[in-house]
Structures are given as C-alpha cells and as structure tokens.
Amino acid sequence: MSRATDAAARPGDPLGSTPTAEGLVRSMDGPFLLRACVRTPSGYRWAERDKRRNAGYLDARQLDTLRTVLPQDAAVLAAVPTLSSPSLATWPALPTPALLCDRAYVTERGNLEHVCRALGGFLSRLHAAPPAGLPRRDGPAWLPEGSWAARAVEAARHRLNGGKLARGAAAVAPFTGDPVVVHGRFSTGVCADTDRPVVLGWREAGLGDPQRDLAFFLTELVEAAALIELADDPAAMAFLDGYGAVADAGRLVGLVADRLLEHCAQSTLWRPTGGDPDVALARLEAQWRRFAAAVTA
C-alpha cells in the first residue's frame, strides 16, 4: 500500500499521471487495471484505469442503463462509476479508503458476518432486477475468451496440480437458465468497508449466470479462511444465508473450485514470487472441502 501527502488529486484524473500522484492513499496495480484511492477535500475517491482499453467493459450509455435497474437497498449502496474517458472510471467520495478484503484476510474480523449477510441479500435483489439492455456475459469481461491473457491463464492452470479442485470444477454443468443482471466481479476487493457497505466496480456487469457472481465472492472468503486457518467459515455461510435459496448447491461448489484454480493460475503468472502453488492449492482444497460439506449438508 502506498502513502502520499494530504494534497488533493488533480481534477479530472484522480490517478494523476502516475501511481505516485499527490493525494494517493493506496494503489493496486494489476496486469489489466490500475486501481487507486486518493484523498480529496470531499473524502476518499476510488478510480480505475483500464490499461488495455478493454472493449468488453460497459461504456457510459450502458452504465446509465444499469443505474435504472440497480436495487435501492437501505443496507447496501451500489455506486456506479462515472467515466472521465473510455479508460478512466471514478467513483463517488467515501468516508474511508478501507475495503472489505482488509477485514476478511485478518483474524480480527469484527462484524464481517453481518456485512456478508447484507451483501448476500443485496446480490439476491440484483439478480432479481429486470433485465436491461446490457451485454451477455458468458465469461469474465477482463479475460476475453481467445485473448493472450486467457490463453496464458489456461496454460498456467494446466500446470497446476489441481487434485479434487480440478475434479470439482470439471463436473460443473453449463449454465442453461435465463441470464440475469450480474455484477461480474463481485468481490471483497470492490466492497467499501463503510457503515453502509458500498459496492464499487460495475464496468463488468451484464446478463449472465448468477451463480458465478456468488462463486466469485465465496472464493475470496474460502481463500481468506484458508490463509488465516479458520476451522470453519461463518462469513461464507452468512453470505449465503443473506442470499437465500440456491437452486443447485453442488454446481455452486464446483464453480468455487473453478474460480480457486483460475485465481491460483493468475497468481502464478502475475505474482510468481507468491510461494509454492502446490502448497497453496493443498490448503485451498482442504478449506474448499469444508466449505462444500457445509453448503451441501
């Protein structure tokens, strides 16, 4: 995490010209996106620069369409970004730069279960929203099928010793239901950790498989529980309790396995010094099996 001065960022581009812009509080620089939070006179503002000008992300018109169908939720706020340019998105000011991932990956988790239950309820209402004029999402918008990145991740995944995770992922049946409004990257890293949780992101939203939204969030909770060595994962169960009935719990478990493998493959590519992937996979598989037993009981 980077620290900078108290000066406000330049108007029009909260990221400034470089990741060391004045006012920068934290920066998350990935292969596809540069995400940063800057301190401004009105609060902390997150911004995201699309480094590869991904044509799959929602444009300004589509974001306006999305705003009309988002749930008006008293417990959770959906914050849709404004596009300063096709590759630069900014979100409304928040009272803190903290994200839910800051709490999920530590042992002192506070009221994480309560927050996850509220987010589960929000996602359920999002999935029940009327279909809008949004693009179909059959895969992640930041990893288009056939792209160099998708091929690299797939190759890295084949090199992993997937074990039971690979068998669980291979058993996932294709989605055959009616597509619903999905967030597309619903994670602890896009939920602002405020008194009223705020869901950021949304440029990857569209119409797709609701269980993939669930699996994305649950995967991070499984990873966090494995990292801090929790015997069980009350946050994951609280999230599912807030969401309500899941049509096919077995398929959801398989989707979590699939995302765990994809995320591990991405880590070996873009964070190659993160340790032995086989050791990490063994811990993830053990936690995933505990999660699967709880979900399918």
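Q: Which element gives the largest share of the lining of the second largest pocket?
A: That's α8, with five residues. Helices (H or I, at least four residues) and strands (E, at least two) are DSSP runs, numbered from the N terminus.

Q: Anything I should know about the model before we go on?
A: It's a predicted model, where local features need pLDDT of at least 70 and side-chain atom pairs count only at pLDDT 80 or more, while totals for chains, interfaces and linings use all residues. Residues are numbered from 1 along each chain as its sequence is written, and side-chain values use heavy atoms, leaving out hydrogens and water.

Q: OK, how much space lies in that second largest pocket?
A: About 900 Å³. Of its 34 lining residues, Asp-138, Gly-139, Pro-140, Arg-212 and Asp-258 are the closest to the centre. A pocket is an open set of points on a 1 Å grid over the protein atoms alone, with protein on both sides within 12 Å along at least five of seven lines; a cavity is a set where a 1.4 Å probe fits but can't get out, and lining residues have an atom within 4 Å of a point. Points are joined across faces, edges and corners, and the volume is the space filled by probe spheres set on them.

Q: Which elements supply at least two residues each to the lining of that pocket?
A: β7 (136-137), α4 (148-158), α6 (210-227) and α8 (249-270).

Q: And how do the lining residues divide by class?
A: You get 16 nonpolar, three polar and 15 charged. Here Ala, Val, Leu, Ile, Met, Phe, Trp, Tyr, Cys and Pro count as nonpolar, Asp, Glu, Lys and Arg as charged, and the others, Gly among them, as polar.

Q: Switching to cavities: how many of 30 Å³ or more turn up?
A: One, in a search of the whole structure. The largest cavity has a volume of about 50 Å³. Its lining includes Arg-35, Glu-48 and Trp-91, and strand β3 (residues 43-50) gives the largest share, three residues. By class, that lining has five nonpolar, one polar and two charged residues.

Q: How many salt bridges are there?
A: The count is 16, taking a side-chain nitrogen of Lys or Arg within 4 Å of a carboxyl oxygen of Asp or Glu.

Q: What does Arg-67 pair with?
A: Asp-64, with the closest N and O atoms 2.7 Å apart. Because they sit three residues apart in helix α1 (residues 60-67), about one helical turn separates them. Both count as partly exposed, Arg-67 at 32% relative accessible area and Asp-64 at 44%. Buried means under 20%, exposed over 50%, and partly exposed in between (1.4 Å probe, protein chains only).

Q: What about Asp-233, which residue is its partner?
A: Arg-109, at 4.0 Å between the closest N and O atoms. The pair links distant parts of the chain, 124 residues apart: Asp-233 is in the loop between α6 and α7 (234-243), Arg-109 in the loop between α2 (100-104) and α3 (112-127).

Q: Is Asp-233 buried or exposed?
A: Buried, at 9% relative accessibility; Arg-109 is buried too, at 11%.

Q: Back to α1: which of its residues are buried?
A: Gln-62, Leu-63 and Leu-66. Seen down the axis, they fall within an arc of 100°, so they line one face of the helix. The arc is that of the directions from the helix axis to the C-beta atoms.

Q: What do they pack against?
A: β5 (82-85) and β8 (180-182), with contact meaning heavy atoms within 4.5 Å.
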